[in-house]
Amino acid sequence: MKKLLYFAALMLTMLTASCSKDEIEGTATQALAGQWYVRLNVVNADGTVTVDPEGFGKKIIATYNTSDNKATEMWVSDQHKFKNFAVKATCDGSALTFNTVGEAENSYNANAKVTITNGKILPGAGRQYNGSAADSIVFDLKLSNSPTTYRISGIRYSGLVENED
């Protein structure tokens, strides 16, 4: 019995000593990635913006890294919330900007290519419903099957009930 206890203590010591904590690293587009609580607005011909004319309200969209995890490429997706688009955009994590190079393939709808321009993340420029600071996102969206230019803008989604309005 004594030998069994010594063996168990030895095994426990070896297991404990061999375990090490792995560093968890972020993705190459971490500074741009997230869920965003946004509105779909329309950019009029005179440059003015009409807020949510189609009545979608606030929706959550996502920006995230590609499977290649390149620092210069990310996905922008409305997750089937309003215009059904998911597109790879070029990005610059240092400048916090993103756009497509011309019309890009839409993974959700092959008949509606996507153009994203003026995409940017503005750290701390937004406000949550409870008044706390939040990162802001804004970009213009054009779909090849529509004459409308949309301006999508909003804040980083906090996931807190107190920030739901």
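Accessible areas here come from the Shrake-Rupley method with a 1.4 Å probe. On that basis, the surface of the protein chain in this predicted model comes to about 9,900 Å², and 54% of it belongs to carbon and sulfur atoms. The chain has 165 residues, of which 34% count as buried. Below is a friendly tour of the fold, its aromatic pairs and its nonpolar core.

**Overall fold**

- The secondary structure of the protein chain consists of one helix and nine strands.
- Following the sequence, you meet the elements in the pattern α-β-β-β-β-β-β-β-β-β.
- If we take the contacts between residues at least 6 apart in sequence, 45% of them join residues at least 24 apart.

**Aromatic pairs**

- A pair of aromatic rings is described by the distance of the centres and the angle of the planes.
- The count for this model comes to four aromatic pairs.
- Phe82 and Phe85 form a tilted pair, because their ring centres are 6.4 Å apart and their planes stand at 50 degrees.
- Both partners are covered: Phe82 is buried with a relative accessible area of 9%, and Phe85 is buried at 0%.
- Phe98 and Phe139 make an edge-to-face pair, since their ring centres lie 5.5 Å apart and their planes are at 65 degrees.
- Phe98 sits in strand β6 (residues 97-99) and Phe139 in strand β8 (residues 133-143), so this pair ties together parts that are 41 residues apart in sequence.
- Phe98 and Phe139 are buried too.
- Ring pairs also link Phe56 with Phe82 and Phe85 into a cluster.

**Nonpolar core**

- In soluble globular proteins, nonpolar side chains tend to be buried together.
- The largest nonpolar core in this model has 25 residues.
- Val76, Phe85, Phe98, Ile116, Phe139, Leu141 and Ile152 are the residues with the most contacts inside this core.
- Strands β1 (34-43), β4 (73-77), β5 (86-92), β7 (114-127), β8 and β9 (149-156) each supply at least two residues of the core.

**A closer look at Phe98**

- Leaving aside residues up to four places away in sequence, Phe98 touches a set of residues that includes Met74, Val76, Ile116, Ile121, Ile137, Val138 and Phe139.
- Thr90, Cys91, Asn118, Gly119 and Lys120 are also among the residues that Phe98 touches.
- Val76, Ile116 and Phe139, which are among these contacts of Phe98, also appear among the residues with the most contacts inside the largest nonpolar core.

Methods:
Residues are numbered from 1 along each chain as its sequence is written. This is a predicted model: local features need pLDDT of at least 70, side-chain atom pairs count only at pLDDT 80 or more; totals for chains, interfaces and linings use all residues. Side-chain values use heavy atoms; hydrogens and water are left out. Helices (H or I, at least four residues) and strands (E, at least two) are DSSP runs, numbered from the N terminus. Buried means under 20% relative accessible area, exposed over 50%, partly exposed in between (1.4 Å probe, protein chains only). Contact means heavy atoms within 4.5 Å. Rings of Phe, Tyr and Trp (its six-membered ring) pair if their centres lie within 6.5 Å; planes under 30 degrees apart count as stacked, over 60 as edge-to-face and the rest as tilted. A nonpolar core is a set of buried Ala, Val, Leu, Ile, Met, Phe, Trp, Tyr and Cys residues joined through side-chain atoms within 4.5 Å.
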